[in-house]
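Biologist: I am new to this structure. Please pick a single part of it, look at that part closely, and then place it within the rest.

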Amino acid sequence: MTATDSHTTEVRLGGVGGQGIALAGTLLGEAAALYGNKEAVFTQTYGPEARGGASRADLIISDEPIAYPFVRSPDILVVLFQEAYEKFRSELSPQGLLIVEEDLVGLQDDDAGATRLPAVRIAAELGNKLAANIVLLGFLVGATELVSRDAIEEAIRKRVRQQHLELDLKALDAGIDVARRAGRD
C-alpha cells in the first residue's frame, strides 16, 4: 500500500502515556519535514497523567502546503492500547489503514482486515518492550512508504538518546521487515 492516492496523508497514533506515542509522532514528522522533503504538521494530546493517561499524536504529511493543521479523518490509524482503539476507530477514513498492537487491542468483528502486529513481543525479543513504538513506526514506514527508511533513520539518529539508538534502529528494521514479509503474503 502506498500512503494515499492524494498528496496528503492524515495519520493518528493512539495509546497511553509511557508507550512513546508522542516520540513516534515526532520522529515521523521530522522524517517527513526535515529529511523527506515534505510538509508536515504534528499535534499531540495527552491526559493529565504523564504515564497511564490517554495519548494521541496526529500528523498531516503532504507534498504540498498544509492549509488546515488538524487531523479530521485519519487515513492511517495506529493504536497501541484498547482505549485508543475504541476512541479513535470511528474516525478512520472508510478506506483507511488500521494497525493495532495485537496483544493489547481487541478488534470488533468488522475490523477483520486490520493489520495486527505483535510489536511489544518483537520489542521484548530485541531487548526492551518499550521499543514497541519504534517497531510499529517501522511497520508503518515499511507498509506505506509514507517516508523513506533513510529519512526515519536520520530522525531517530538525531532525536533518540545514544544509549537507546542501537535498540531503536533494530526495532525500526524489525518493523520494516515484518511489513515487507506481510506484503509478500
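Modeller: One cut-off comes first: a residue counts as buried under 20% relative accessible area, as exposed over 50%, and as partly exposed in between. The model is predicted. The part I have picked is helix α1, residues 21-35, together with the loop after it.

Some background on the chain helps to place the helix. The chain holds six helices and six strands. Their order along the sequence is β-α-β-β-β-α-β-β-α-α-α-α, so α1 sits between the strands β1 and β2 in that pattern. The radius of gyration is 15 Å, close to the 16 Å given by the globule rule for 185 residues, so the chain is as compact as a globular protein of that length. Taken along the principal axes, the C-alpha atoms fill a box of roughly 40 × 40 × 40 Å. Of the 185 residues, 48% count as buried. If only contacts between residues at least 6 apart in sequence are taken, 57% of them join residues at least 24 apart. The accessible surface comes to about 9,400 Å², and carbon and sulfur atoms account for 47% of that area. As for charge, the chain has 19 positive and 28 negative charges, and the mean positions of the two sets are 5 Å apart.

Now the helix itself. Helix α1 has 15 residues, and the distance from its first C-alpha to its last is 20 Å. At 1.5 Å a residue the expected value is 21 Å, and the helix comes close to that. Its buried residues are Ile 21, Ala 24, Gly 25, Thr 26, Leu 27, Leu 28, Gly 29, Glu 30, Ala 31 and Ala 32. These buried residues pack against three strands, β1 (8-16), β2 (39-46) and β3 (54-62), and against two helices, α4 (132-144) and α5 (149-159).

Glu 30 deserves a separate look. It belongs to helix α1. Its relative accessible area is 15%, which is under the 20% cut-off, and therefore Glu 30 counts as buried. With neighbours within four places in sequence left aside, Glu 30 is in contact with Tyr 35, Ala 155 and Arg 159. Two of these partners, Ala 155 and Arg 159, carry numbers that fall within α5 (149-159).

After the helix comes Asn 37, in the loop between α1 and β2. The relative accessibility of Asn 37 is 76%, which is over 50%, so this residue counts as exposed. The phi angle of Asn 37 is near 55 degrees, a positive value in a residue other than glycine.

Helix α4, one of the elements that the buried residues of α1 pack against, can be set beside it. The 13 residues of α4 should span 18 Å at 1.5 Å a residue, and the end C-alpha atoms are indeed 18 Å apart. In α4, 12 of the 13 residues are buried, so this helix is largely enclosed by the rest of the structure. Among the buried ones are Ala 132, Asn 133, Ile 134, Phe 139, Ala 143 and Thr 144. What follows α4 in the sequence, and what is the sign of its phi? The residue is Glu 145, with a positive phi near 55 degrees, and Glu 145 is not a glycine. Glu 145 lies in the loop between α4 and α5 and is exposed, with a relative accessible area of 59%. A positive phi near 55 degrees thus comes after α1, at Asn 37, and after α4, at Glu 145.

Two residues outside α1 round off the picture. His 7 lies in the segment before β1 and counts as partly exposed at 47% relative accessibility. It touches Ile 61, Ser 62, Asp 63 and Glu 64, with residues up to four places away in sequence not counted. His 7 and Glu 64 are 57 residues apart in sequence, while their C-alpha atoms are 7.0 Å apart. Phe 88 has its place in helix α2, residues 82-88, and counts as buried at 5% relative accessibility. Under the same exclusion of sequence neighbours, Phe 88 touches Arg 12, Gly 14, Arg 56 and Leu 77.

Technical notes: Residues numbered from 1 in each chain as written. Predicted model: local features only at pLDDT ≥ 70, side-chain atom pairs only at ≥ 80, totals over all residues. Heavy atoms only, no water. Helix = DSSP H or I, 4+ residues; strand = E, 2+ residues; numbered from the N terminus. Rg over C-alpha atoms; globule rule 2.2 N^0.38 Å. Buried < 20%, exposed > 50% of the residue type's maximum accessible area, 1.4 Å probe, protein only. Contact = heavy atoms within 4.5 Å. Areas by Shrake-Rupley, 256 points an atom, 1.4 Å probe, with all protein chains shown as cover. Lys, Arg positive; Asp, Glu negative; His and termini not counted. Charge placed at Lys NZ, Arg CZ, Asp CG, Glu CD. Expected span 1.5 Å × (residues − 1).
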